[in-house]
Amino acid sequence: MDKQDKQDRRDKPDAQASDARPVLEGPDIARVLTRIAHEVVERARGADDVVLLGIPTRGVFLAQRLAAKLEQITDRKVPVGSLDITMYRDDLRLHPPRALARTEIPGDGIDGRLVVLVDDVLFSGRTIRAALDALNDIGRPRAVQLAVLVDRGHRELPIRADYVGKNLPTSLRETVKVQLAEEDGRDTVLLGVKPTARQ
């Protein structure tokens, strides 16, 4: 997607978003990422061996922001990369082909490190299962943790986040849409309702 396409998408009203209400705004997102960064430092006893891997698309931007906050707290750079899970999804045969995203692993790798996977919304848990499979093909971390901006519930697999920006109880009729400035032109989390099919 080129810059003009992105700008057109930012300027074009989103029918679903127009009916949705914000549950987190930019300052809220900044605050919860700061809190998560402090929690990571506390649990990892300084974050010396932490590697952040964002799940495309918005998980990568969140991982980069989290890395910047960890650097402010610890005065050291925290390796950050991305982990494409496309070919590990269990719904590939149910949907049209997906474009591959990028996997970028920091130069020192992940072996023996504490890997924190970062994503925007935790829902069924299937995305994280795919991420764990992808990670297994790359190396052997000392441990793997999960940080998410929003946990909306409705898990289908026994997966739990270690760091949660906001627990947001939802019904299956509702939608959660995360928008970030790097991709969407603004920071917000929107809660809406799925459009009903016309009779």
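Select Ala-63 to begin: in this predicted model, Ala-63 has a relative accessibility of 0% and therefore counts as buried, the cut-off for that term being under 20%. Colour residues 58-74 next, and helix H4 appears, with Ala-63 as one of its residues.

Which residues surround Ala-63, once its neighbours within four places in sequence are left aside? Display the side chains of Leu-52, Leu-53, Gly-54, Val-80 and Val-118, for these are its contacts. Then select Ala-147 as well: although the two positions lie 84 residues apart in chain numbering, the C-alpha atoms of Ala-63 and Ala-147 are 9.0 Å apart.

Proceed to strand S4 by selecting residues 114-122. Is this strand largely enclosed or largely open? Of its 9 residues, 9 are buried, so strand S4 is largely enclosed by the rest of the structure.

Now add the strands that pair with S4. Residues 50-54 form strand S2, which is joined to S4 by 5 bridges in the parallel sense. To inspect this pairing, select Leu-52 and Val-116 of S4, which stand opposite each other. Leu-52 has already been met as one of the contacts of Ala-63.

Select residues 143-151 to show strand S5, which runs parallel to S4 and is linked to it by 8 bridges. Within this pairing, Leu-122 has Asp-151 of S5 as its bridge partner. Finally, trace the chain from S4 through helix H5, residues 126-136, to S5; this β-α-β crossover is right-handed.

Key
Residues numbered from 1 in each chain as written. Predicted model: local features only at pLDDT ≥ 70, side-chain atom pairs only at ≥ 80, totals over all residues. Heavy atoms only, no water. Helix = DSSP H or I, 4+ residues; strand = E, 2+ residues; numbered from the N terminus. Buried < 20%, exposed > 50% of the residue type's maximum accessible area, 1.4 Å probe, protein only. Contact = heavy atoms within 4.5 Å. Pairing = 2+ DSSP bridges. Right-handed = clockwise from strand over helix to strand, strands pointing away.
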